[in-house]
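User: Please take a close look at the salt bridges in this model. I would like to know which residues pair, where they sit and how they relate to the rest of the chain.

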Amino acid sequence: MRRFIILAGIAAATLAASVTGASAQQPDRIQVGVLECRGGASIGFIVGSVTNLGCVLRVNGRPDDFYVATIRKVGVDLGITQETALAWGVFAPTKWLGSGDLSGNYAGAHGSAAIGVGAGGNVLVGGSNNSIALQPLSLQGQVGLSVAAGLESLELRPGR
């Protein structure tokens with residue numbers, strides 16, 4: 001239990017540092033919408049994990065834009081998660097994104113912990129010429145028993 005608490009503290013510190021750093025680096029980007037993702041069960045394998053999610057980009061006044069996401073984590077990742085829900089603010093150099101424009105690879109830091117219901121978050125940068133930033137609007141929600149901290153990559157592809 002003591003190790004779990006220490007790892008949860010490391011996860012929280014990693015997340016706080018990544019949110020602070022990303023916020024300071026985004027002065028030329030404006031929020032264009034919200035990317036919401038949901039996924040099923042995943043298992044952490046000590047040094048990493050892979051999770052598949054269904055995502056939708058919601059922009060006021062525009063049709064929903066659907067994506068398929070694969071999240072890969074490297075670092076401490078222990079436990080089983082039954083389901084995951086994430087929401088990011090999408091920041092880009094322009095306020096207009098076309099269908100499929102979020103497609104690409106993103107990378108950043110992550111941290112999370114759960115005993116029953118838990119929370120986490122991550123800040124990711126990537127997309128077209130690394131011009132798009134995904135910043136957490138709220139904490140990641142998850143159900144399970146897990147702790148994770150380290151580096152994360154997100155691959156977004158058009159899909160349903």
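Analyst: R72 and E155 form a salt bridge in this predicted model, with 3.6 Å between the closest N and O atoms. Because R72 lies in strand β3 and E155 in strand β6, the pair ties together parts that are 83 residues apart in sequence. Both side chains keep some accessibility: R72 is partly exposed at a relative accessible area of 38%, and E155 is partly exposed at 25%.

The structure holds four salt bridges. Among them is the pair E36 and R58, whose side chains meet at 2.9 Å, N to O. E36 belongs to strand β1 and R58 to strand β2, 22 residues apart, and the pair links distant parts of the chain. R58 also meets the side chain of D64 in a salt bridge of 2.8 Å, N to O. E36, R58 and D64 are thus linked in a network of salt bridges. The members of this network are partly exposed: the relative accessible area is 33% for E36, 37% for R58 and 36% for D64.

D65 presents another case. This residue, in strand β3, is buried yet has no salt bridge. The nearest side chain of opposite charge is that of R62, 7.8 Å away, whereas a salt bridge requires a nitrogen and a carboxyl oxygen within 4 Å. What the side chain of D65 does have is a polar contact of 3.3 Å with the side chain of S99. Leaving aside residues up to four places away in sequence, D65 touches C55, V56, L57, G98, S99, G100 and D101.

The strands named above also contribute to the largest nonpolar core, which has 21 residues. Elements giving two or more residues to this core include β1, β2, β3 and β6, and the largest share, seven residues, comes from β3. L35, W88, V90, L102, L134, L154 and L156 touch the most other members. One of these, L134, touches L35, W88, V90 and L154, and also G89, Y106, N122, V123 and L124, not counting residues up to four places away in sequence.

For the chain as a whole, one helix and six strands are present, in the order α-β-β-β-β-β-β from the N terminus. Of the contacts with a separation of 6 or more, 75% are between residues 24 or more positions apart. Of the 160 residues, 44% count as buried.

Definitions and conventions: Residues numbered from 1 in each chain as written. Predicted model: local features only at pLDDT ≥ 70, side-chain atom pairs only at ≥ 80, totals over all residues. Heavy atoms only, no water. Core = buried A, V, L, I, M, F, W, Y, C linked by side-chain atoms within 4.5 Å. Buried < 20%, exposed > 50% of the residue type's maximum accessible area, 1.4 Å probe, protein only. Helix = DSSP H or I, 4+ residues; strand = E, 2+ residues; numbered from the N terminus. Contact = heavy atoms within 4.5 Å. Lys, Arg positive; Asp, Glu negative; His and termini not counted. Polar contact = N/O pair within 3.5 Å; in protein donor to acceptor, adjacent residues only side chain to side chain.
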